[in-house]
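Grab a coffee and open the viewer: here is a set of exercises, each with a worked solution. Try each task on your own before reading on.

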Amino acid sequence: QPTLVKHTYNLKVKELPARIKFVYIGSLYEKKKIYELIASFQKINNSSDLNFSLNIFGDGNKEYIDSLVNFTKTKCMDFIKFDIGYVDNTPSLLSEFDVLITGSLNEGFGRIVVEAIKSNVIVVAPKSGAFSELSSSIIFYNSDDWNDFSDKIHSIRGRGVDVVKARIKCE
């Protein structure tokens, strides 16, 4: 039976730059709550001096993706960029970003979250699925509470995070 073994390294995430680079990597479907993530970043952009960019990588439902792209265009959200298609070599891609965000309310096991933790990238995720058992270094927001999500995004400015690396050990 596989068991999760946690190792605390007490490393600090690199100091965040003046312009924080957020990233979402994964499937682009309604259940992943991408629209809600984008709308939250629009509110953050309109109501604070937080300097950031958001890159969204992935593939999924074409109509949903088109609606997301059109929403960002009509609201003049030039700080959001899309790269549609299958993502290969996620560790290399993650190294270009500061913070991974997720929005799915029902994630069985988020491999991308494990890869982000391993790459020393800050993770902001909902309190749902297996995320809470994965690492104590994840910044959690209350599931489907987008005001709490915004608060957590604001809270990362200028902070370091203790990193807990996790690995699966088969005995």
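**Exercise 1. Find out whether Asp66 is buried, exposed or partly exposed, and which residue it forms a salt bridge with.**

Bear in mind that this is a predicted model.

Step 1. Start with the accessibility. Asp66 has a relative accessible area of 34%. Buried means under 20% and exposed means over 50%, so Asp66 falls in between and counts as partly exposed.

Step 2. Now look for the partner. Asp66 forms a salt bridge with Lys62, and their closest N and O atoms are 3.0 Å apart.

Step 3. Check the partner with the cut-offs from step 1. Lys62 comes out at 60% relative accessibility, so Lys62 is exposed.

Step 4. Place the pair. Both Lys62 and Asp66 sit in helix 2, four residues apart, which is about one turn of the helix.

**Exercise 2. Work out how many salt bridges there are, and describe the one between Asp148 and Lys152.**

Step 1. The count is four salt bridges. As background, side chains of opposite charge can pair when their charged atoms come close.

Step 2. For Asp148 and Lys152, the N to O distance is 2.8 Å.

Step 3. These two are four residues apart in helix 6, so about one helical turn separates them.

Step 4. Now the accessibility. Asp148 is buried, at 11% relative accessible area, whereas Lys152 is partly exposed at 23%.

**Exercise 3. Explain what the salt bridge between Lys33 and Asp144 ties together.**

Step 1. Get the distance: the closest N and O atoms of Lys33 and Asp144 are 3.9 Å apart. The cut-off for a salt bridge is 4 Å, so the pair counts.

Step 2. Locate both ends. Lys33 is in the loop between strand 2 and helix 1, and Asp144 is in the loop between strand 7 and helix 6, so the bridge ties together parts that are 111 residues apart in sequence.

Step 3. Compare the cover on each end. Lys33 has 17% relative accessibility and counts as buried, while Asp144 is partly exposed at 41%.

**Exercise 4. Decide how enclosed strand 3 is, and trace its connections to strand 2 and strand 4.**

Step 1. Count the buried residues. Seven of the seven residues of strand 3 are buried, so the strand is largely enclosed by the rest of the structure.

Step 2. Sort the strand by direction. In a regular strand the side chains alternate between the two faces of the sheet. Here Phe52, Leu54, Ile56 and Gly58 point one way, and Ser53, Asn55 and Phe57 point the other way.

Step 3. Go to strand 2. Strand 2 and strand 3 run parallel, joined by six bridges, with Ile20 opposite Phe52. Together with helix 1, the two strands make a right-handed β-α-β unit.

Step 4. Go to strand 4 (residues 80–84). Strand 3 and strand 4 also pair in the parallel sense, over five bridges, and Leu54 has Ile80 as its bridge partner. The chain gets from strand 3 to strand 4 through helix 2, in a β-α-β crossover that is right-handed.

**Exercise 5. Find which residues touch the most other members of the largest nonpolar core, and which element gives the most to this core.**

Step 1. A general point to begin: in soluble globular proteins, nonpolar side chains tend to be buried together.

Step 2. The core has 30 residues, and Phe22, Ile34, Phe41, Ile101, Phe149 and Ile153 touch the most other members.

Step 3. Among the elements that give two or more residues to this core are strand 2, strand 3, helix 2 and helix 6. Helix 1 gives the most, with five residues.

Step 4. Zoom in on Ile153. Leaving out residues up to four places away in sequence, Ile153 touches Phe22, Phe41, Ile44, Leu50, Ile101 and Val124. Another core lies apart from this one; it has 17 residues, including Leu93, Leu100, Ile112 and Ile117.

Step 5. Follow up on helix 4 (residues 111–118), where Ile112, Val113, Glu115, Ala116 and Ile117 are buried. After helix 4 comes Asn120, with a positive phi near 65 degrees.

Methods:
Residues numbered from 1 in each chain as written. Predicted model: local features only at pLDDT ≥ 70, side-chain atom pairs only at ≥ 80, totals over all residues. Heavy atoms only, no water. Core = buried A, V, L, I, M, F, W, Y, C linked by side-chain atoms within 4.5 Å. Buried < 20%, exposed > 50% of the residue type's maximum accessible area, 1.4 Å probe, protein only. Contact = heavy atoms within 4.5 Å. Pairing = 2+ DSSP bridges. Right-handed = clockwise from strand over helix to strand, strands pointing away. Salt bridge = Lys/Arg side-chain N within 4 Å of Asp/Glu carboxyl O.
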